[in-house]
Amino acid sequence: MAHLIQGHRCLSAQSRTLVAALILWLISPVGTLGAAPLQDLDPGVNDGPILQSVKFVGLDTFPDDVVLEALGLEIGKPLQPMQREQRVASLFRDYGLFVQRILPEEVPGGVLLEIMILEFEVDLEPSFIGNASFDEEQIREWAGLIDRSELYLHEADGVVQRIAEGYRRAGFHFVGVSWVASDPLPGKRVRDLVFVIREGPKVRCVNVDIVGNDSLPDAGFLFWKGGLREMSSPKVTGRGPFSWFGSVFVEEEMQADLVAMRQVYRNGGWLDAEVQLEPLQFNDLRNKVEVVIHVDEGPQYMVASVDLVAVEVDQEADGERVERIVPFVFPKADLMAEIELKAGTPFDSARRSHDRSALQRYYGERGYLAAAFFVNPAEADGFRTLPADVLLDPLRAEVHITLKLVQGRPRTVRAVEIAGNTNTHDDVVRREISILPGETADLKEIERSLQRIRGLGYFLDRQDPDHKPPTYRFREVSGDPGVIDIEYEVEEGRVVDFQLQGGVASDSGLVGLISLSHSNFDHSALPTGLFAAPGEIYRREAFHGNGESMEINLSPGSRVSFWRFAYRHPDIFSDHFDRWGIAVEALNRDRIYTSHNEDRTHLKLDTTRRFGQGDLSLRFGPVWQRVKLSDLEGGVLPSTLLDSSPDTTFIGVSMRLLWSQLDNRSMPRDGTSAHADLTYFGGPFGGDQDLLKFEGRFEQYFELGESVSEVDPVLVIEAGAGIAAPLGKSEEAHYSERWFLGGTRRLRGFDFRGVGPNEGGIALGGETMAYGSVEVRWPLFSTPIPGTSRKAEMFRGGPFVDFGVLDPNAWDLDMDELRVSYGLSFAMVRPIPISFNLGWPLLEGEGDALQVFSFSLSLR
């Protein structure tokens, strides 16, 4: 049906100009709503032609004036510029009317528009039936109707598909969705639309059987699994310890699992491997399914030859890239020694990834930094690896590979910048950075600095998975390609920590720990007020940012209870290098021994000195402590205990020299650590005892092997010695300051403090001590680290031999009192570090207390 609306007015010369522009604008078809945006009429024309009439074609439901208003048109008025696409989209959204075409026609006095309309049938409130498992809000969310109620008839099929996909993602594999609509009424475009849902049963997968994965068989259990299943991390898993009824079966996830398994094989060098899903096996109720996955591994491709070339990439005039081979900056033999891909090794992605990283590291440690770490990687003239040339020989399952690299240029450092430390003082971060302006941009030193910054803990938040750890990037300097600026980027982390913990150990029994710590404290940043303090501390506005640390511990236990307060300022003079600091500690520990109870109160004020970046450090200062002995048990007790005063005050000075170059402080595998502690009590400082006390300890870790992909065994050698020498008025060392052996740390196979000489079955304690240990830690079970050719150690074990000797007298060592034990150590490295020991004495003494089994929540 066509409608004609008319008006009158004469055309002006300016109007004819606008009509011409209007015709050029209107004669193009509207097309679809997804068409490219159209431009408005010239906004500089203020007085357009008069709209004399509008003729609608196909408009049956709505009055003409409603549509005219929606389009911004008014009869008898000049045509004004309008945003056509927005008007047309609004007309469709609000009224379900689609403008197919607008045809202008010049008439006396103005212009006539013919507008062709297509009306869509609509349901203003579609309904759903059969959705027993989900409410209507969930169905509408799946259907995409959460923010709208009306639904056009032509959209119904898309809604059906989206609802079905939502059900299938929820495990309803057999869901069926259809729609029905009421008959149309004459002159009406509103119809009732009903979606009919046949849910079917929710399907659970009770078993996934993988057949043919001979090279990657499933192995291990719980946290220590390995094989194809573990490496591909499938979503559909079958029954398990935490899913007894089976995992929800989602076919989309099943297909993704197959792709992941294929990729595992591709990454491992099985380039022809196929992973196929056998027909699904449903039970009679169709609510359980068993899955069988068939693997045809094919051969594992091996590397037949490896070559390495250096290239420069030039851009031709026609835009084509040309690679030109150039000489190596460093000896090719040295570079080839860095890579793992060698003739006879599998062609796996982990080795290829390692080789890219190894070459990048080799060049980076010599000033040739990788382009990937620059602000604009694509434009940076830095080191990069190009896609390798790979020649496959399917008949022999061999690969000939040529690695290609762009060497870049050497760089020196112009400036070192820090960004993101909004609440932490700049010098707190800068003192951990050992790469300095004017030096060669050594990637190894840059990385070491980064590790020190991360080791501070100020910029980490393990409870926030989106928290970005510290990193770095390089910025080229305009006009001087040989220098760069280094920027370390940090994000303030969680430094106020409150913990409740518990545990058990052979030497100390049941223990609990309540701890409050602040690892980036600033004593001078006071809050603005008492009531404002909690919020300002939480926002890191108060007591934050100077790198000081404060810790308060309270630990109740069955044998050992203690409280402790500690404060440390690492750089009181802001020296950055070779810095001075202070440390304060107050502690009270109450321990129950077999023979007596000991209550020790300890106060210490240290001056600290770190040399360089801290591999060598010194701390010294005054110390005060008071020891109370009580509840001495009946029977025969050692004379050294009976002769010790039940209430003794010690006043003196102490010093510790520490040197450490371990690869990992908590779980070392390589490196050296040594410390020497010297304490002098009494003399001019007063107190109840004159005593010189010294202890030295040395640890050396050797990694036995150079395997890149496997975890190598580790040989551990430990030795130590101690002296507690009475001086002046004191005839012998107080019982609390004597040395003891036995337990999980020294001389396994003997009970805690169970090594004599003894009196009445209780150790006398030594004024002189020496001990040592030799242990081999053999990896028992390791799992692959995703994305690398390496493995992570999960369990380890091995033999040990411990020895030690105590002498009741200072500066004397009676080797007739030597004790030796041997045994086996077994440790779980991840996820919770805990060690177990089985030890037996080779040499023991009269009255020694033996302990075959011991354990500790520690790996050192």
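Q: Which exposed residues does the face of α4 turned away from its buried side carry?
A: This is a predicted model. Helix α4 spans residues 136-143. Its buried residues are Ile139, Arg140, Trp142 and Ala143. The face turned away from them carries the exposed residues Glu137 and Glu141.

Q: Why are the buried residues of α4 on the same side of the helix?
A: An α-helix has 3.6 residues a turn, so residues three or four places apart point the same way. In α4, the buried residues are Ile139, Arg140, Trp142 and Ala143. They lie on the same side of α4 because they cover an arc of only 160 degrees around the axis.

Q: Which elements do the buried residues of α4 pack against?
A: The buried set includes Trp142 and Ala143. Just after the helix, Gly144 takes a positive phi of about 80 degrees. The packing partners of the buried residues are β6 (127-129), α5 (156-169) and β9 (193-198).

Q: Which element gives the most to the largest nonpolar core?
A: This core has 26 residues. Elements giving two or more residues to it are β19 (412-419), α10 (426-430), α11 (443-456), β20 (471-477) and β21 (480-489). With five residues, the top contributor is α11.

Q: Which residues of α11 (443-456) does Tyr488 touch, leaving aside residues up to four places away in sequence?
A: Tyr488 is among the residues with the most contacts inside the largest core. Its partners include Val416, Ile418 and Ile433. Those within α11 (443-456) are Ile446, Ser449, Leu450 and Ile453.

Q: How many residues does the second, separate core have?
A: Phe740, Leu741, Ala763 and Leu806 are among its members. This core is separate from the one that includes Leu369 and Phe474. Its residue count is 22.

Q: Which strands stand at the edges of the open four-stranded sheet?
A: The strand order is β16-β15-β18-β17, with mixed pairing. An edge strand has a single partner strand, so one side of it is left without a neighbour in the sheet. The edge strands are β16 (321-326) and β17 (384-393).

Q: What is the bridge partner of Val311 in β16?
A: Val311 lies in β15, which covers residues 302-315. Six bridges join β15 to β16, and the two strands run antiparallel. In β16, the partner of Val311 is Ile325.

Q: What percentage of the residues in the chain are buried?
A: The chain has 13 helices and 41 strands. Its exposed area is about 42,900 Å², of which carbon and sulfur atoms supply 55%. Of the 860 residues, the buried share is 44%.

Conventions
Residues are numbered from 1 along each chain as its sequence is written. This is a predicted model: local features need pLDDT of at least 70, side-chain atom pairs count only at pLDDT 80 or more; totals for chains, interfaces and linings use all residues. Side-chain values use heavy atoms; hydrogens and water are left out. A nonpolar core is a set of buried Ala, Val, Leu, Ile, Met, Phe, Trp, Tyr and Cys residues joined through side-chain atoms within 4.5 Å. Buried means under 20% relative accessible area, exposed over 50%, partly exposed in between (1.4 Å probe, protein chains only). Contact means heavy atoms within 4.5 Å. Accessible areas come from the Shrake-Rupley method with a 1.4 Å probe; for residues, only the protein chains shown count as cover. The arc is that of the directions from the helix axis to the C-beta atoms. Two strands pair if DSSP finds at least two bridges between them.
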